[in-house]
Amino acid sequence: MSVAAPLLEVEDLHVAYGQVEAVRGVSLRVDEGQIVTLIGPNGAGKTSILSALAGLVKPRAGRVRLGGVDVTGLPAHRTVAAGLVLVPEGRAILGRMTIEENLRLAGERRQAAGALAVAIEEQYRRFPVLGERRRQLAGSLSGGQQQMLAFARALLSRPRVLLLDEPSMGLSPILVQQIFETIREIHRGGTTILLVEQNARLALSVSSFGYVIEHGRLALQGAAAELAIDARVQAAYLGG
Ligand SMILES: Nc1ncnc2c1ncn2[C@@H]1O[C@H](COP(=O)(O)OP(=O)(O)OP(=O)(O)O)[C@@H](O)[C@H]1O
Ligand SMILES: [Mg+2]
């Protein structure tokens, strides 16, 4: 019997912007069906890791495998097609287009019109508020609703691994709870998730495994439940 290969495997990833070495040799894995979280301070390199996985920046070195297939350095449209789909920091909603237009624009390059319409209806069932307001401008949605639109847009591509960058950023405490409930629901629906979050406590509470990134490197890794009671994690990230 062989041990199952990880769904997503990152090996010795390096990302640099000119002279700035943002990620300096990070290795991590995400198994099918897991939520895995990356926590760490501002500027640690978390967004850079997700950007490299999503094909938005080319890694300087390292390997990324999805389902055993090498996807290192592929451009974004190909990583999306392969199943790595990013919900970016700040959501990148097109505020002057309607909710429906945001969804159609995201899906139309990859799906035939009929299939896309079915996929959009599926997202309206998942997020009824988006269906009710489909003809309104996306900019009129609240922050929490815009985050749902960003989730729906990503889910249209049927990700094998959904990459979430700071989904709770800028939201009130109640909306943060709602967004995490939504993340749990998406996960229960069968989607594997790699989550970057400032709210380490909540992130660890929904995850099975966690990595702590500091200065572009892995500082610590472990089962989420163990990280949550680790004295170093508590002191640095859980206000304990
Ligand atoms: N486009 C860029 N050009 C130059 N430097 C960048 C760029 N993007 C990020 N950096 C730098 O790379 C490092 C890592 O940034 P990154 O955004 O990946 O961190 P982060 O962990 O996501 O931080 P935050 O918690 O603030 O979102 C930082 O020093 C940052 O200033
Ligand atoms: Mg970031």
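## How α6 and α7 cross

Helix α6 and helix α7 make a right-handed crossing; that label applies when the near helix is turned clockwise from the far one by less than a right angle, and anticlockwise would make it left-handed. Helices here are DSSP runs of H or I with at least four residues, numbered from the N terminus. This is a predicted model, where local features need pLDDT of at least 70 and side-chain atom pairs pLDDT 80 or more, while totals for chains, interfaces and linings use all residues. Residues are numbered from 1 along each chain as its sequence is written, chains are lettered from A and ligands numbered from 1 in the order written, and side-chain values use heavy atoms, leaving out hydrogens and water.

α6 covers residues 143–155 and α7 residues 173–188; their axes come within 10 Å and cross at roughly 15 degrees. Axes are lines fitted to C-alpha atoms over the stretch in contact, with angles from 0 to 180 degrees between N-to-C directions. The two helices are therefore roughly parallel to each other, the word for angles under 35 degrees. On the α6 side, G144, Q147, M148, F151 and L155 make the contact, and from α7 come L175, Q178, I179, T182, I183 and I186 (contact means heavy atoms within 4.5 Å). Sorted by class, that's seven nonpolar, four polar and no charged residues. Ala, Val, Leu, Ile, Met, Phe, Trp, Tyr, Cys and Pro count as nonpolar, Asp, Glu, Lys and Arg as charged, and the others, Gly among them, as polar.

## α3 and its two partners

α6 also meets helix α3, residues 99–107: the axes come within 9 Å and cross at roughly 30 degrees, so α3 and α6 are roughly parallel too. This crossing is right-handed. I99, N102, L103 and A106 of α3 touch L149, A152 and R153 of α6, giving five nonpolar, one polar and one charged residues.

What about α3 and helix α4, residues 113–126? Their axes come within 10 Å and cross at roughly 130 degrees, so the pair is oblique, the term left for angles that are not under 35, over 145 or from 65 to 115 degrees. I99, E100, L103, R104 and G107 of α3 pack against L116, I120 and Y124 of α4; by class, five are nonpolar, one polar and two charged.

## Around ligand 1

Ligand 1 has 14 residues around it, and G43, K46, T47, S48 and E89 come nearest (near means a heavy atom within 4 Å).

Now for some polar contacts, meaning pairs of N or O atoms within 3.5 Å. A polar side-chain atom of S48 sits 2.5 Å from an oxygen atom of ligand 1. Polar backbone atoms join in as well: one of G43 is 2.8 Å from a ligand 1 oxygen, and one of G45 is 3.0 Å from a ligand 1 oxygen.

Methods:
Polar contact = N/O pair within 3.5 Å; in protein donor to acceptor, adjacent residues only side chain to side chain.
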